[in-house]
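Please look over the sequence and the model below before reading on. The paragraphs that follow lead through it step by step, from single residues to the sheet and the interior.

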Amino acid sequence: MVALGRLGDAAGHLLKARGETIAVAESSAGGLISASLLAVPGASAYFVGGGVIYTQTAREILAEIDFEKHPGMRSSSEPYAALLAETMRRRMDTTWGLAETGASGPSGNRYGDAAGHTCIALSGPVTRVFTLETGKCDREANMWLFTEAALDALVVALGEAVSG
């Protein structure tokens with residue numbers, strides 16, 4: 001079993017030391033990104049909130065994102081991940097927004113993405129969006145890999161924001 005605090009430790013300590021805050025929206029990671037950040041002692045100094053945006057209903061109610069206002073957009077895509085990260089950052093009034101959206105498995109999603117596909121985005125002093133394809137059908141393994149990739153990207157972005 002992966003230790004939640006170990007995954008969120010570097011990001012949590014950097015956020016806390018810098019006095020910065022974060023809001024998280026995730027889907028196929030199922031809350032593991034948030035849990036990893038919250039497992040770090042002192043998380044209340046930087047973790048403002050977020051949610052598992054797993055369905056259209058959750059997207060519309062929790063993030064207030066209506067795809068009718070964004071023609072051609074779909075979940076599990078880089079444009080949607082970027083919009084979700086920015087929306088969470090703005091709505092929660094945080095320094096950073098982090099979003100993850102994909103297909104953990106064991107099968108793909110209705111958009112044709114294979115299991116192991118996720119899009120991760122950061123909004124803040126550094127903006128980043130990327131797609132990860134694990135090539136795995138193992139749901140739990142993918143959830144952990146998505147979490148690790150999101151938190152690694154956050155740590156890199158925090159480093160870039162300091163040096164940039």
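Does Asp113 count as buried or exposed? In this predicted model, the relative accessibility of Asp113 is 12%, and because a residue under 20% is called buried, Asp113 counts as buried. Asp113 is also one half of a salt bridge, whose other half is Arg74, with the closest N and O atoms 2.8 Å apart. Since Asp113 sits in the loop between E3 and E4 while Arg74 sits in the loop between H3 and H4, the pair ties together parts that are 39 residues apart in sequence. Arg74 itself, at 25% relative accessibility, counts as partly exposed.

A search of the whole structure finds 6 salt bridges, and two others can be followed in the same manner. In one of them the side chains of Arg91 and Glu64 meet, at 2.7 Å from N to O. Arg91 belongs to helix H4 and Glu64 to the loop between H3 and H4, so this pair ties together parts that are 27 residues apart in sequence. Arg91 is partly exposed, at 38% relative accessibility, whereas Glu64 is exposed, with a relative accessible area of 58%. In the other, Arg128 forms a salt bridge with Glu160, the closest N and O atoms being 2.8 Å apart. Here, too, distant parts of the chain are linked, for Arg128 is in strand E5 and Glu160 in helix H5, 32 residues apart. Both partners count as partly exposed, Arg128 at 23% and Glu160 at 33%.

Some details of the backbone deserve attention next. Glu64, already met in a salt bridge with Arg91, has a phi near 55°, which is a positive value in a residue other than glycine. Ser76, which lies in the loop between H3 and H4, likewise has a positive phi, of about 60°, although it is not a glycine. Glu64 is placed in the loop between helix H3 (56-62) and helix H4 (78-92), but its surroundings can be contrasted with those of Ser76: Glu64 is exposed, with a relative accessible area of 58%, while Ser76 is buried, with one of 4%. A further backbone feature is the cis peptide bond that joins Gly105 and Pro106, where omega is about 10°. Pro106 has its place in the loop between strand E3 (96-103) and strand E4 (117-123).

The strands can now be put together. They include an open sheet of 5 strands in the order E2-E1-E3-E4-E5, with mixed pairing. Strand E2 (47-52) and strand E5 (128-133) stand at the edges, and because each has a single partner strand, one side of each is left without a neighbour in the sheet. From one strand to the next, the twist averages 10°. Within the sheet, E3 and E4 pair in the antiparallel sense over 7 bridges, and Glu100 stands opposite Ile120 in E4. Helix H4 packs on this sheet, where it touches strand E1 (22-26) as well as E2, E3, E4 and E5, and its direction makes about 40° with that of E4.

What remains is the interior. The largest nonpolar core has 28 residues, of which Ile22, Ile33, Leu37, Tyr46, Trp96, Leu98 and Leu154 touch the most other members. The elements that give two or more residues to this core are helix H1 (4-18), E1, helix H2 (32-38), E3, E4 and H5, and H5 gives the most, with 10 residues. Leu154 can serve as an example, for once its neighbours within four places in sequence are left aside, Leu154 is in contact with Ala11, Leu15, Ile22, Trp96, Leu98 and Leu122. Apart from this core lies another, of 16 residues, among them Ile65, Phe67, Tyr80 and Cys119.

Which residues does Thr147 touch, not counting residues up to four places away in sequence? They are Leu7, Ala29, Leu32, Ile33 and Ser36. Thr147 is found in helix H5 (residues 139-163), and because its relative accessible area is 0%, which is under 20%, Thr147 is buried.

Technical notes:
Residues are numbered from 1 along each chain as its sequence is written. This is a predicted model: local features need pLDDT of at least 70, side-chain atom pairs count only at pLDDT 80 or more; totals for chains, interfaces and linings use all residues. Side-chain values use heavy atoms; hydrogens and water are left out. Helices (H or I, at least four residues) and strands (E, at least two) are DSSP runs, numbered from the N terminus. Buried means under 20% relative accessible area, exposed over 50%, partly exposed in between (1.4 Å probe, protein chains only). Contact means heavy atoms within 4.5 Å. Two strands pair if DSSP finds at least two bridges between them. Axes are lines fitted to C-alpha atoms, for helices over the stretch in contact, and angles run from 0 to 180 degrees between N-to-C directions. A salt bridge is a side-chain nitrogen of Lys or Arg within 4 Å of a carboxyl oxygen of Asp or Glu. A nonpolar core is a set of buried Ala, Val, Leu, Ile, Met, Phe, Trp, Tyr and Cys residues joined through side-chain atoms within 4.5 Å.
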